[in-house]
Amino acid sequence: MSSQHVRFCKSFDGAEIAYAVSGEGPPVVLMPNWLTHLEYQWRSVAWRPWLEALATRYQLIRYDPRGCGMSDRDVSDLSFETWVRDFGAVVDAVGLDRFSLLGICQGGPIAIEFTARHPGRVSNLVLYGTYGRGRFRRNASPEEPQKAKVMLEMLEVGWAHEDHAFMRAFATQFQPRGSIEHLRSWCELQSAATSASNAVALSRVMFDVDVQDSAARLDCPTLVAHPDRDAVVPVEEGRLLAKKIGRAHV
């Protein structure tokens, strides 16, 4: 396992947020999605190649959002606003004045909102497989909100059970050609990351996000990349996001 130093900082309301620093070089922050655990990710066959590649060239900073991983899980305020403010607490604790930012999936909207609020602190922004509006906010397909509700119900009954049909479907969305080891790795990460009830609460927040106005205010070099067969976030959401950001490259 690559060397990383895990530390804790307090957010605005006293919640403890776990963050990790590894590697040397220009600072890059990898934003979390809701399925994170700082220590387990280094053992995940899905995540380890990403982390090793980044940590060999940069000072890589990661953190677990509240309700997840090594951060406080039993919190009274779980919202998009707290996610943005927690991230601010992390970069301040690390002492970062200016840094590059990589937002994947749920991490994208947080990265967008923070960058819009703090122009000048983010030197470069990379948005991969992410979106500006959550599933409850997408009106292109009338079935989308219903699909989101079904997903929440499946989370409640199938969370972290490797032999459950939902788990196989869930893992396949993230790695359509993944091996049985990948399936097990996703299942183990779920179990380590959070509880079923927190997973549902975190997902509800994700599904209700809308940062399109903030995206339109961004003024830093931004790269928007999106897998053309993404089963989690439709590629149309990536295209929409790229259109909103004035300095985006795709």
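Which residue lies over the face of Y131, and at what distance from the ring centre? In this predicted model, the residue is R138, which lies over the face of Y131 at 5.2 Å from the ring centre. The legends below begin with the whole chain and then turn to individual views.

**Figure 1. Overview of the predicted model, with its helices, strands and buried residues.** The protein chain holds 10 helices and eight strands, and of its 250 residues 51% count as buried. Among contacts between residues at least 6 apart in sequence, 72% join residues at least 24 apart.

**Figure 2. The open sheet of eight strands and the helix α2 that lies across part of it.** The strands follow the order β1-β2-β4-β3-β5-β6-β7-β8, and their pairing is mixed. At the edges stand β1, residues 5-10, and β8, residues 248-249, each of which pairs on one side only. Helix α2, formed by residues 48-55, lies across β2, β3 (27-30), β4 (59-63), β5 (99-104) and β6 (122-128), and its direction makes an angle of about 140 degrees with β4.

**Figure 3. The hairpin formed by β1 and β2.** The edge strand β1 is joined by six bridges to strand β2, residues 16-22, and the two run antiparallel. Within this pairing V6 stands opposite A20 in β2, while R7 stands opposite Y19 in β2. Five residues lie between the two strands, and G14 in the turn has a positive phi of about 95 degrees.

**Figure 4. The nonpolar core around V29, F87, F99 and L101.** The largest nonpolar core has 66 residues, and V29, F87, F99 and L101 are those with the most contacts inside it. Helix α3 gives the most to this core, with seven residues. Leaving aside residues up to four places away in sequence, V29 touches I61, F87, V91, L96, F99, S100, L101 and L102. As a general point, nonpolar side chains in soluble globular proteins tend to be buried together.

**Figure 5. An aromatic pair and an aromatic cluster.** The structure holds eight aromatic pairs. One of them is that of F80 and W83, whose ring centres are 6.5 Å apart and whose planes stand at 75 degrees, so the pair is edge-to-face. Because F80 and W83 are three residues apart in helix α3, residues 80-94, they are separated by about one helical turn. Both F80 and W83 are buried. In addition, Y63, F87, F99 and F114 form one aromatic cluster, and of these F87 and F99 were named above among the residues with the most contacts inside the largest nonpolar core.

**Figure 6. The aromatic pair of F136 and F207.** The rings of F136 and F207 are edge-to-face, at 5.5 Å centre to centre and with 75 degrees between the planes. F136 lies in the loop between β6 and α5 (144-158), whereas F207 lies in helix α8, residues 196-207, so the pair ties together parts that are 71 residues apart in sequence. With a relative accessible area of 29%, F136 is partly exposed, whereas F207, with a relative accessible area of 7%, is buried.

**Figure 7. Arginine side chains over aromatic rings.** The charged end of R85 sits over the ring of F12, at 3.7 Å from its centre. In the arrangement asked about at the outset, R138 lies over the face of Y131 at 5.2 Å from the ring centre.

**Figure 8. The surroundings of W47, a buried residue in a loop.** W47 has its place in the loop between α1 (38-41) and α2, and its relative accessible area of 9% is under the 20% limit, so W47 counts as buried. Not counting residues up to four places away in sequence, W47 touches L30, N33, Q41, I104, W186 and L189. From C-alpha to C-alpha, W47 and T36 are 9.9 Å apart in space, and in sequence they are 11 residues apart.

**Figure 9. The surroundings of G132, a buried residue in the loop between β6 and α5.** G132 counts as buried, at 6% relative accessibility. When residues up to four places away in sequence are not counted, G132 touches V209, D210, V211, Q212 and L241. G132 and I110 are 22 residues apart in sequence, and their C-alpha atoms are 9.6 Å apart in space.

Terms used:
Residues are numbered from 1 along each chain as its sequence is written. This is a predicted model: local features need pLDDT of at least 70, side-chain atom pairs count only at pLDDT 80 or more; totals for chains, interfaces and linings use all residues. Side-chain values use heavy atoms; hydrogens and water are left out. Two strands pair if DSSP finds at least two bridges between them. Helices (H or I, at least four residues) and strands (E, at least two) are DSSP runs, numbered from the N terminus. Contact means heavy atoms within 4.5 Å. Axes are lines fitted to C-alpha atoms, for helices over the stretch in contact, and angles run from 0 to 180 degrees between N-to-C directions. Rings of Phe, Tyr and Trp (its six-membered ring) pair if their centres lie within 6.5 Å; planes under 30 degrees apart count as stacked, over 60 as edge-to-face and the rest as tilted. Buried means under 20% relative accessible area, exposed over 50%, partly exposed in between (1.4 Å probe, protein chains only). A charge sits over a ring if NZ of Lys or CZ of Arg is within 6 Å of the ring centre and within 35 degrees of the ring normal. A nonpolar core is a set of buried Ala, Val, Leu, Ile, Met, Phe, Trp, Tyr and Cys residues joined through side-chain atoms within 4.5 Å.
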